[in-house]
Amino acid sequence: MKVLDKFHEKFKLLIGIANYSISLLVANPRTFVTPLHFDADCVCHVVEGRETVTILNKGERKSHEISKRDVFVTESGSVLHLVSSHRCKSLVLVKFLRSTSLTGQITVSANFFSLLLFA
(Lines give C-alpha, C1' and ligand atoms only; values in the text may rest on other atoms or scores of the structure.)
Protein backbone atom coordinates (compact mmCIF):
# COMPACT_ATOMS: atom_id res chain seq x y z
CA MET A 1 0.00 0.00 0.00
CA LYS A 2 1.22 3.49 -0.79
CA VAL A 3 0.02 6.75 0.74
CA LEU A 4 0.58 9.70 -1.57
CA ASP A 5 2.22 12.97 -0.50
CA LYS A 6 0.01 15.65 1.03
CA PHE A 7 -1.44 17.87 -1.71
CA HIS A 8 -1.71 20.94 0.54
CA GLU A 9 2.06 20.92 1.13
CA LYS A 10 2.71 21.40 -2.59
CA PHE A 11 -0.23 23.63 -3.50
CA LYS A 12 -1.26 26.30 -0.97
CA LEU A 13 -4.73 26.61 -2.56
CA LEU A 14 -5.54 23.12 -1.24
CA ILE A 15 -4.96 23.91 2.48
CA GLY A 16 -8.62 22.96 3.17
CA ILE A 17 -7.88 19.29 2.51
CA ALA A 18 -4.99 19.03 4.99
CA ASN A 19 -6.73 16.22 6.95
CA TYR A 20 -7.26 14.05 3.87
CA SER A 21 -5.01 11.46 2.22
CA ILE A 22 -5.20 9.19 -0.80
CA SER A 23 -3.78 5.68 -0.78
CA LEU A 24 -3.47 2.99 -3.40
CA LEU A 25 -3.67 -0.74 -2.70
CA VAL A 26 -2.71 -3.30 -5.34
CA ALA A 27 -3.09 -7.04 -4.69
CA ASN A 28 -2.34 -9.96 -7.00
CA PRO A 29 -5.22 -12.11 -8.32
CA ARG A 30 -6.61 -14.70 -5.88
CA THR A 31 -4.81 -13.38 -2.80
CA PHE A 32 -5.86 -12.62 0.74
CA VAL A 33 -4.81 -9.24 2.13
CA THR A 34 -4.03 -9.45 5.83
CA PRO A 35 -6.69 -7.60 7.88
CA LEU A 36 -6.15 -3.85 8.01
CA HIS A 37 -7.23 -1.40 10.71
CA PHE A 38 -7.52 2.31 9.89
CA ASP A 39 -7.79 5.27 12.25
CA ALA A 40 -9.56 7.20 9.49
CA ASP A 41 -12.92 7.35 7.76
CA CYS A 42 -12.45 5.87 4.30
CA VAL A 43 -14.16 6.01 0.90
CA CYS A 44 -12.85 3.17 -1.27
CA HIS A 45 -13.15 2.89 -5.05
CA VAL A 46 -12.42 -0.33 -6.95
CA VAL A 47 -10.44 0.68 -10.05
CA GLU A 48 -9.75 -2.85 -11.32
CA GLY A 49 -10.50 -6.42 -10.32
CA ARG A 50 -13.05 -8.09 -8.11
CA GLU A 51 -12.98 -8.72 -4.37
CA THR A 52 -14.81 -9.90 -1.33
CA VAL A 53 -14.60 -7.30 1.41
CA THR A 54 -15.57 -8.00 5.02
CA ILE A 55 -15.93 -5.01 7.33
CA LEU A 56 -15.86 -5.52 11.10
CA ASN A 57 -17.12 -2.54 13.07
CA LYS A 58 -18.61 -2.26 16.55
CA GLY A 59 -19.13 -6.02 16.82
CA GLU A 60 -20.94 -6.19 13.49
CA ARG A 61 -19.66 -8.09 10.45
CA LYS A 62 -20.71 -7.32 6.86
CA SER A 63 -19.40 -9.02 3.71
CA HIS A 64 -19.86 -7.78 0.14
CA GLU A 65 -18.82 -8.90 -3.33
CA ILE A 66 -17.60 -5.82 -5.16
CA SER A 67 -16.03 -5.22 -8.55
CA LYS A 68 -14.73 -2.52 -10.89
CA ARG A 69 -16.36 0.93 -10.39
CA ASP A 70 -17.94 0.01 -7.04
CA VAL A 71 -17.53 2.37 -4.08
CA PHE A 72 -17.84 1.52 -0.39
CA VAL A 73 -17.37 3.45 2.86
CA THR A 74 -15.80 2.37 6.14
CA GLU A 75 -15.81 4.19 9.47
CA SER A 76 -12.76 4.93 11.56
CA GLY A 77 -11.87 1.94 13.72
CA SER A 78 -13.17 -0.63 11.23
CA VAL A 79 -11.16 -3.72 10.37
CA LEU A 80 -11.09 -4.69 6.67
CA HIS A 81 -10.57 -8.21 5.34
CA LEU A 82 -9.95 -8.25 1.58
CA VAL A 83 -9.81 -11.20 -0.80
CA SER A 84 -8.92 -10.54 -4.43
CA SER A 85 -11.20 -13.05 -6.13
CA HIS A 86 -10.56 -12.48 -9.85
CA ARG A 87 -8.69 -15.30 -11.65
CA CYS A 88 -6.29 -13.12 -13.65
CA LYS A 89 -6.76 -9.40 -12.84
CA SER A 90 -5.02 -7.70 -9.94
CA LEU A 91 -7.13 -5.81 -7.45
CA VAL A 92 -6.55 -2.04 -7.56
CA LEU A 93 -8.25 -0.06 -4.80
CA VAL A 94 -8.01 3.72 -4.29
CA LYS A 95 -8.82 4.98 -0.79
CA PHE A 96 -9.74 8.54 0.15
CA LEU A 97 -8.99 8.83 3.89
CA ARG A 98 -9.97 11.45 6.50
CA SER A 99 -7.97 11.19 9.70
CA THR A 100 -9.98 11.02 12.93
CA SER A 101 -7.17 10.87 15.49
CA LEU A 102 -4.03 12.93 14.96
CA THR A 103 -4.74 15.79 12.58
CA GLY A 104 -3.68 14.84 9.08
CA GLN A 105 -1.79 11.69 10.11
CA ILE A 106 -2.99 8.32 8.85
CA THR A 107 -1.69 5.16 10.50
CA VAL A 108 -2.34 1.63 9.31
CA SER A 109 -1.98 -1.41 11.55
CA ALA A 110 -1.01 -4.53 9.65
CA ASN A 111 1.42 -7.30 10.33
CA PHE A 112 4.51 -8.28 8.36
CA PHE A 113 2.70 -10.81 6.17
CA SER A 114 0.52 -8.15 4.52
CA LEU A 115 3.66 -6.80 2.85
CA LEU A 116 4.14 -10.13 1.11
CA LEU A 117 0.70 -10.07 -0.51
CA PHE A 118 0.82 -6.69 -2.23
CA ALA A 119 1.82 -6.62 -5.87
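**Entry 1. Overall layout**

I read the elements of the protein chain from the N terminus on and noted the order β-α-β-β-β-β-β-β-β-β-β-α. I recorded that this is a predicted model. My tally for the chain is two helices and 10 strands.

I then looked up how the chain is packed. Of its 119 residues, 32% are buried. I took the contacts between residues at least 6 apart in sequence and found that 73% of them join residues at least 24 apart. For the accessible surface I noted about 7,200 Å², with carbon and sulfur atoms accounting for 58% of that area.

**Entry 2. The nonpolar core**

I turned next to the largest nonpolar core, which has 18 residues. The residues with the most contacts inside this core are L25, V33, V53, F72, L82 and L93. I listed the strands that each supply at least two of the core residues: β2 (20-27), β3 (32-38), β4 (40-48), β5, β8 (79-84) and β9 (91-99). Strand β4 provides the largest share, four residues.

**Entry 3. F72**

I chose F72 from the core for a closer look and located this residue in strand β7. Is F72 buried or exposed? I entered F72 as buried, because its relative accessible area is 10% and the cut-off for buried is under 20%.

Which residues does F72 touch, leaving aside its neighbours within four places in sequence? I found contacts with C42, V43, C44, E51, V53, I55, I66 and L93. I also checked C42 by its C-alpha atom, which is separated from that of F72 by 8.4 Å, although the two residues are 30 apart along the chain.

**Entry 4. L93**

I made the corresponding list for L93, again leaving aside neighbours within four places in sequence. L93 is in contact with S23, L24, L25, C44, H45, V46, E51, F72 and L82. I marked C44 and E51 in both lists, as each is in contact with F72 and with L93.

**Entry 5. The largest pocket**

I finished with the largest pocket, whose volume is about 200 Å³. I wrote down its lining as I55, N57, K58, E60, R61, K62, H64, V73, T74, E75 and S78. By class, I noted two nonpolar, four polar and five charged residues in this lining.

Which strands each supply at least two residues of the lining? I identified β5 (50-57), β6 (60-67) and β7 (71-74). Strand β6 gives the most, with four residues. I added that I55, one of the lining residues, is also among the contacts of F72.

Definitions and conventions:
Residues are numbered from 1 along each chain as its sequence is written. This is a predicted model: local features need pLDDT of at least 70, side-chain atom pairs count only at pLDDT 80 or more; totals for chains, interfaces and linings use all residues. Side-chain values use heavy atoms; hydrogens and water are left out. On a 1 Å grid over the protein atoms alone, a cavity is a set of points where a 1.4 Å probe fits but cannot get out, and a pocket is an open set with protein on both sides within 12 Å along at least five of seven lines; lining residues have an atom within 4 Å of a point. Grid points are joined across faces, edges and corners, and a volume is the space filled by probe spheres set on the points. Ala, Val, Leu, Ile, Met, Phe, Trp, Tyr, Cys and Pro count as nonpolar, Asp, Glu, Lys and Arg as charged, and the others, Gly among them, as polar. Buried means under 20% relative accessible area, exposed over 50%, partly exposed in between (1.4 Å probe, protein chains only). Contact means heavy atoms within 4.5 Å. Accessible areas come from the Shrake-Rupley method with a 1.4 Å probe; for residues, only the protein chains shown count as cover. A nonpolar core is a set of buried Ala, Val, Leu, Ile, Met, Phe, Trp, Tyr and Cys residues joined through side-chain atoms within 4.5 Å.
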